[in-house]
Amino acid sequence: MKVSIRKISEDTGFSMSTVSNALNRKKGVNKETAQKILSAAQKLGYRMGEDITKIRFVIFRRDGRIIDESFFHPAVIEGVEHQAKLMGYEMVFCYVDIHDEDYQERIADILTDMQSAVILLGTEMLEEDYEPYAKAKNRIILLDGRSEKYAFDSVLINDTEAVVEAMEYLVGKGHTNIGYLRGESRIQAFRSREKGYYQVMNQHGYPVRPEYIATVGTKIETAYQKMKEYLGSAKELPTAFFADNDVIAIGSMQAIKECGYQVPEDISVIGFDDVSYGIVSDPPLSTVHVYKQELGARAVRELLSDDGRNSEAKVKIQVCAEFVERGSVKELNG
């Protein structure tokens with residue numbers, strides 16, 4: 001029979017919160033009380049980690065350029081919340097900023113709470129940020145993040161393959177001079193998308209011209225501003241651009257139009273993420289649709305699955321995206 005914190009509380013006479021703090025070696029419980037609780041737990045056969053009561057959704061922030069005004073992440077979070085509720089778990093949101101003075105103390109507290117399972121939103125994380133999370137004592141799953149050095153159970157988008165599909169669409173429309181709208185924050189997702197861009201260009205033998213690559217901001221206003229600067233000095237432009245995401249694409253399209261060009265008559269644009277306002281942009285944005293709610297829900301299901309809890313093998317789940325054709329790409333054939 002599974003031994004719960006409630007059972008230990010009833011047997012020892014201490015409150016459930018005191019029992020939980022003692023089992024998690026937290027401050028605030030004196031040594032004598034903690035020893036009594038730990039001894040009782042051992043006699044009852046309690047095993048640490050088997051009584052998960054809540055899910056901590058940890059939102060990692062490095063500079064906020066991606067997540068602060070994101071139109072992508074609210075739908076992912078909605079998927080997490082909905083699935084957690086279906087499975088009967090409390091959700092606790094934790095924002096951690098790597099630049100905060102108490103950052104190390106906060107994540108140490110999060111990663112040693114054995115009554116919590118952790119979903120780590122790694123969108124803004126770089127390789128060097130993962131080390132403390134790889135040492136988590138509790139169950140953890142990485143969402144929308146990638147580490148080459150550390151092994152995590154993770155749920156992510158098939159970024160490279162999805163970009164290959166979008167690029168092949170441009171090629172099929174007759175585009176050979178294809179540029180790249182490159183987000184200035186080189187998060188791991190953007191690096192994976194960049195691989196897809198280069199893969200298709202190389203496979204078809206199309207030259208990747210440095211003057212066709214524009215590094216722009218990752219918010220609408222900064223993408224717009226940087227694109228205007230790029231267009232002001234560009235001597236020659238490609239017939240089409242692939243953008244790291246929809247925010248970059250839409251901000252850049254506004255700059256393109258203000259500089260006297262038409263989309264898609266003069267320059268075609270493709271984005272990534274399929275955020276809602278891409279449907280009503282002018283023109284409607286062709287993009288890569290990401291199943292954002294499913295991405296979050298899948299993370300919860302994998303986090304709480306029996307296989308996930310009992311296996312030492314780490315598993316990466318890729319949620320496939322698909323291309324959506326709208327009105328921002330011109331047909332050049334014929």
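A salt bridge is counted where a side-chain nitrogen of Lys or Arg lies within 4 Å of a carboxyl oxygen of Asp or Glu. In this predicted model, the count by that rule comes to 24 salt bridges.

**Exercise 1.** Work out which parts of the chain are tied together by the salt bridge of Asp113 and Lys54, and whether each of the two residues is buried or exposed.

*Solution.* Begin with the contact itself, in which the side chains of Asp113 and Lys54 meet at 3.5 Å, N to O. Next, place the partners: Asp113 lies in the loop between helix 5 (103-111) and strand 3 (116-121), while Lys54 belongs to strand 1 (residues 54-61), so the bridge ties together parts that are 59 residues apart in sequence. Finally, apply the cut-off for buried residues, which is under 20% relative accessible area: Asp113, at 2%, is buried, and Lys54, at 17%, also counts as buried.

**Exercise 2.** Describe the salt bridge of Lys173 and Glu331 in terms of distance, location and accessibility.

*Solution.* The closest N and O atoms of Lys173 and Glu331 are 3.3 Å apart. Lys173 sits in the loop between helix 7 (159-172) and strand 6 (178-183), whereas Glu331 is found in the segment after strand 12 (322-324), and the pair thereby links distant parts of the chain, 158 residues apart. As for accessibility, Lys173 counts as buried at 17%, but Glu331, with a relative accessible area of 39%, is partly exposed.

**Exercise 3.** Name the residues that salt bridges with shared partners join into one network.

*Solution.* Following the shared partners leads to one network made up of Arg146, Asp159, Arg193 and Asp273.

Note on methods:
Residues are numbered from 1 along each chain as its sequence is written. This is a predicted model: local features need pLDDT of at least 70, side-chain atom pairs count only at pLDDT 80 or more; totals for chains, interfaces and linings use all residues. Side-chain values use heavy atoms; hydrogens and water are left out. Helices (H or I, at least four residues) and strands (E, at least two) are DSSP runs, numbered from the N terminus. Buried means under 20% relative accessible area, exposed over 50%, partly exposed in between (1.4 Å probe, protein chains only).
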